[in-house]
Amino acid sequence: MTEKITAVKGMNDLLPDATALWRPIETCARETLTSFGFGEVRTPILEKTALFVRGVGEATDIVGKEMYTFEDGATGTRAGTLVSLRPEGTAPAVRAAIEHNQLAQGALVRWFYLGPMFRRERQQRGRYRQFFQVGAEIYGAATPQADAELIDAAQAFLSRLDLGAITLELNSLGDSDCRPRYVAALIDALKERAGDLCPECQRRLETNPLRVLDCKNAQCQAVCASAPTIDSFLCDPCRDHFARVRQLLDAIGIAYTVNPRIVRGLDYYTRTVFEFVSHETGEGGLGSQSTVCAGGRYDGLIQSLGGPATPAVGFAAGLDRLALLAARRAQAIPGPELFIAPMGEAAILKALQLAAALRRRGVFVDQDLRGGGLKSQLRRADKVGARFTLVIGDSELDSGKAALKRMADGETREISLDADAIAAAL
Ligand code: HAM
């Protein structure tokens with residue numbers, strides 16, 4: 001037998017049972033975000049690598065080791081510009097906003113996007129190399145109201161999906177004024193116990209010390225437990241902003257806990273950062289990949305990518321993880337409303353005409369395209385879960401009438417072989 005070629009590890013096929021779970025999630029995202037005034041953007045999957053090096057940060061795991069990068073040259077050549085499959089959507093959306101002059105002085109822009117992202121991560125439940133995000137970004141508002149409204153949009157989306165217990169964790173990462181003071185104090189504290197850190201964190205201590213706080217290694221966590229937290233280092237404007245965001249969330253009834261150890265894996269954040277975490281346990285839960293949605297404020301990114309100084313705040317939710325949670329309450333996909341079983345050539349023609357006419361009226365009609373005897377066709381009707389069946393043979397063609405059978409209770413009624421009459425009887 002010829003050897004099978006399988007999918008790339010960590011990149012999943014979504015078969016009809018899965019897409020039936022995904023579609024309502026995507027619809028909910030579109031409807032919720034539209035009601036908050038976000039317009040949809042679609043940017044390319046491939047971007048210049050420099051966008052992420054500058055936007056997300058060279059020292060991050062995402063840019064340092066997880067991007068799919070290659071050279072893209074003129075037709076037929078490989079040499080040229082370095083491009084990457086996008087690992088996230090924030091930097092591409094900002095690039096598009098700058099490129100299309102959407103950020104003129106005083107502009108207020110709300111955008112959302114939905115699509116695949118790519119990171120060469122170790123695959124596990126809820127963590128894939130191709131995964132899907134729905135993201136929302138607000139450009140042009142520095143106010144705490146923007147943070148609160150953005151978090152409210154994420155919360156509204158998640159709560160409409162009814163995915164079990166999900167909590168919101170909140171932190172402030174300060175700004176270019178106060179964060180360096182915190183990072184210096186953190187480095188001092190971590191250096192004292194550097195020998196207890198995992199090799200990866202010893203490296204992070206030099207390249208991206210905040211990320212040590214995020215390490216899952218138990219020994220690293222023990223070291224971090226005694227390290228200083230950022231809350232006592234925030235400058236007055238950052239402290240006031242954070243207090244006001246919490247006050248506004250309280251006012252609109254959004255529950256949260258402050259977690260001073262949230263640092264995020266991307267370098268562009270300033271001030272508010274947040275994560276929505278699922279608490280579903282057991283087989284239907286997400287295990288260690290329990291963050292379903294995350295984001296924060298990034299007031300410096302737009303300028304650092306060549307745009308006008310523009311404050312911004314956003315989030316992205318992982319659709320694969322939301323679909324895993326939704327699968328716990330999956331319902332069977334509904335079967336056809338009508339199954340037509342024709343016997344004989346003339347009946348096949350009539351069945352095709354009726355099916356075509358009913359489908360144009362929006363009715364879900366099925367037939368056994370393999371043909372076969374009446375018994376096997378009706379077995380198929382059972383298997384696909386048809387609500388009604390209609391058998392057409394020579395005598396039905398002669399009389400122009402047939403028996404429409406309701407499968408749930410076997411009740412039959414005589415009906416004209418006419419699409420309008422059948423549609424009305426279903
Ligand atoms: P992120 O935390 O890297 O943030 O990703 C957001 C969400 O995407 C995660 O919470 C998770 O649900 C999902 N996700 C990330 N990586 C994977 C993976 N390998 N497999 C499955 N799901 C994954 C961002 O990407 C930022 N751009 C969010 C943002 C938007 N910040 C401001 N605006």
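Is C28 buried or exposed? C28 counts as buried because its relative accessibility is 7%, where buried means under 20% relative accessible area, exposed over 50% and partly exposed in between, with a 1.4 Å probe and protein chains only.

Before going on, I should say that this is a predicted model, in which local features need pLDDT of at least 70 and side-chain atom pairs count only at pLDDT 80 or more, while totals for chains, interfaces and linings use all residues. Residues are numbered from 1 along each chain as its sequence is written, and side-chain values use heavy atoms, with hydrogens and water left out.

Staying with the cysteines, a search of the whole structure finds zero disulfides, a disulfide being a pair of cysteine sulfur atoms within 2.5 Å. For C28, which is in no disulfide, the nearest cysteine sulfur is that of C293, 12 Å away. C215 is also without such a bond, because the closest cysteine sulfur, in C201, is 3.7 Å from its own and that is too far; with a relative accessibility of 11%, C215 counts as buried.

Turning to the overall layout, the domain assignment of the protein chain gives domain 1, covering 16-178 + 234-327, and domain 2, covering 338-425, with bounds that come from an automatic or database domain assignment. The centres of domain 1 and domain 2, taken over C-alpha atoms, are separated by 50 Å.
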